[in-house]
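Trainee: Could you walk me through this fold?
Mentor: Sure, pull it up and fire away.

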Amino acid sequence: MDAQKVAGSSGAWFSEVSAVCPGQSFSLEIEKVLYHKRSLYQDVLVFQSKTYGRVLALDGMIQVTERDEFAYQEMLAHLPMFSHPSPHKVLIVGGGDGGILREVLKHEAVETVVQCEIDADVVSVSKEWLPFLSSSFQHPKLHLHIGDGFEFLKNHPAEFDVIITDSSDPIGPAESLFGEGYFQLLAQALRPHGLVALQGESVWLHLELIKSMTASCRKWFPVVEYAWSSVPSYPSGQIGYILCSSNHDTHFRRPLRHIEAPQLATWNLRYYDADVHAAAFVLPKFASENLLSS
């Protein structure tokens, strides 16, 4: 991993080199390495970059940067949350940096958030080095569980209104969160009319994987949609979101609730609004034709 070669010195560069995005690499200039150790599950790196602020990378892949994290956190959280009429109990699988939790707790209807993160080191590192993401870990509505999300779901049937999977890529500790067995567990863990949102990779790099994931989801959910947003620090500058509903009448493209301008400012939203919500489901022709055919 290039991060290990450059760690420690100002002016060096971090470069993603991974089977997740073969044949290409995104690089950021490092001002200072803040943390770099291996947890029980993965290599964990936090550094101050020259142009993207603080950066968290796991196994050599950028997870969040201070500059553009809101584009991902807001969309993965608010697309499903605004599509549910009353999301009282929410489960977050993964998301150890705290960003999705931060956004979910903005919804007044939420009574309880359960978060299941496999790697305790990611949580502790985020608390220390990424306060702009991790500020909600002390919230009284949160129940944090350190463990495997796949195993956790087996013991919590029919419990949640919304489940959000904020996973890394389908290698390493997150691999089990991309298979049909996981999607079945998600469906079984929902209350009636419950919704699911999944990190959905990039149509530019992972179209076949996305087709496989959406096809598997359709075996367990009557409504499955794919949305996307622009996140410059992610491979190809784009990331997708798979939205699933157990309710035949769900229309993900039309949010059930709208946030008005004063609330947008209070919530400090910088990417999401009702117009962006609707537009996120409009895909380029090559992507829509492939995903519809699946």
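What follows is a chat about strands, salt bridges, a surface patch and a pocket.

Trainee: What kind of model is this?
Mentor: Residues are numbered from 1 along each chain as its sequence is written, and side-chain values use heavy atoms, with hydrogens and water left out. Local features need pLDDT of at least 70 and side-chain atom pairs count only at pLDDT 80 or more, while totals for chains, interfaces and linings use all residues, the model being predicted.

Trainee: How many residues of strand β9 are buried?
Mentor: Strands here are DSSP runs of E with at least two residues, helices are runs of H or I with at least four, and both are numbered from the N terminus. Buried means under 20% relative accessible area, exposed means over 50%, and partly exposed is in between, with a 1.4 Å probe and protein chains only. Phe160 is found in β9, and Phe160 counts as buried because its relative accessibility is 0%. Strand β9 covers residues 160-166 and is mostly covered, the buried count being 7 of 7.

Trainee: Which strand is joined to β9 by bridges and holds Val90, the residue opposite Val162?
Mentor: Two strands pair if DSSP finds at least two bridges between them. Val90 stands opposite Val162 in β9. There are 5 bridges, the two strands run parallel, and the partner of β9 is β6 (residues 89-94).

Trainee: On the β10 side, what is the bridge partner of Ile163?
Mentor: β9 and β10 run parallel and are joined by 5 bridges. One pair there is Thr165, which stands opposite Leu198 in β10. For Ile163, the bridge partner in β10 is Val196.

Trainee: And what is the partner of Val196 in β12?
Mentor: β10 is largely enclosed by the rest of the structure, because 7 of its 10 residues are buried. Strand β12 (residues 238-245) runs antiparallel to β10, with 5 bridges joining them. In β12, the bridge partner of Val196 is Cys244.

Trainee: What is the phi of Glu201, roughly?
Mentor: Let's take another residue before that: His193, in strand β10, has a positive phi near 70° and is not a glycine. Glu201 is found in the loop between β10 and α8, and Glu201 counts as buried because its relative accessibility is 1%. Glu201 is not a glycine either, yet its phi is positive, at about 60°.

Trainee: Which residues are linked with Glu103 in a network of salt bridges?
Mentor: A salt bridge is a side-chain nitrogen of Lys or Arg within 4 Å of a carboxyl oxygen of Asp or Glu. Glu103 meets Arg102 at 2.9 Å, N to O, and Lys106 at 3.0 Å between the closest N and O atoms. Glu103 counts as buried because its relative accessible area is 1%, and Arg102 is buried at 14%, as is Lys106 at 19%. Linked with Glu103 in the network are Glu69, Arg102 and Lys106.

Trainee: How far apart in sequence are the parts tied together by Lys50 and Glu29?
Mentor: A search of the whole structure finds 12 salt bridges. Lys50 and Glu29 form a salt bridge, their closest N and O atoms being 3.8 Å apart. Lys50 lies in the loop between β3 (43-49) and β4 (54-58) and Glu29 in strand β2 (residues 27-38), so the pair ties together parts with a sequence separation of 21 residues.

Trainee: Which residues form the nonpolar patch on the surface with Trp204?
Mentor: Patch members have over 30% relative accessible area and no salt bridge; like charges are joined within 9 Å and nonpolar side chains (Val, Leu, Ile, Met, Phe, Trp, Tyr) within 5 Å. Trp204 sits in the loop between β10 (190-199) and α8 (207-217), and Trp204 counts as exposed because its relative accessibility is 56%. By the Shrake-Rupley method with a 1.4 Å probe, where for residues only the protein chains shown count as cover, the patch has about 290 Å² of accessible area together, and Trp204 shares it with Leu205 and Phe286.

Trainee: What volume does the largest pocket have?
Mentor: On a 1 Å grid over the protein atoms alone, a pocket is an open set of points where a 1.4 Å probe fits, with protein on both sides within 12 Å along at least five of seven lines, and lining residues have an atom within 4 Å of a point. Among the lining residues are Tyr226, Arg253 and Leu291, and β11 (223-230) and α11 (285-293) each supply at least two residues of the lining. Grid points are joined across faces, edges and corners, and a volume is the space filled by probe spheres set on the points. For the largest pocket, the volume is about 200 Å³.
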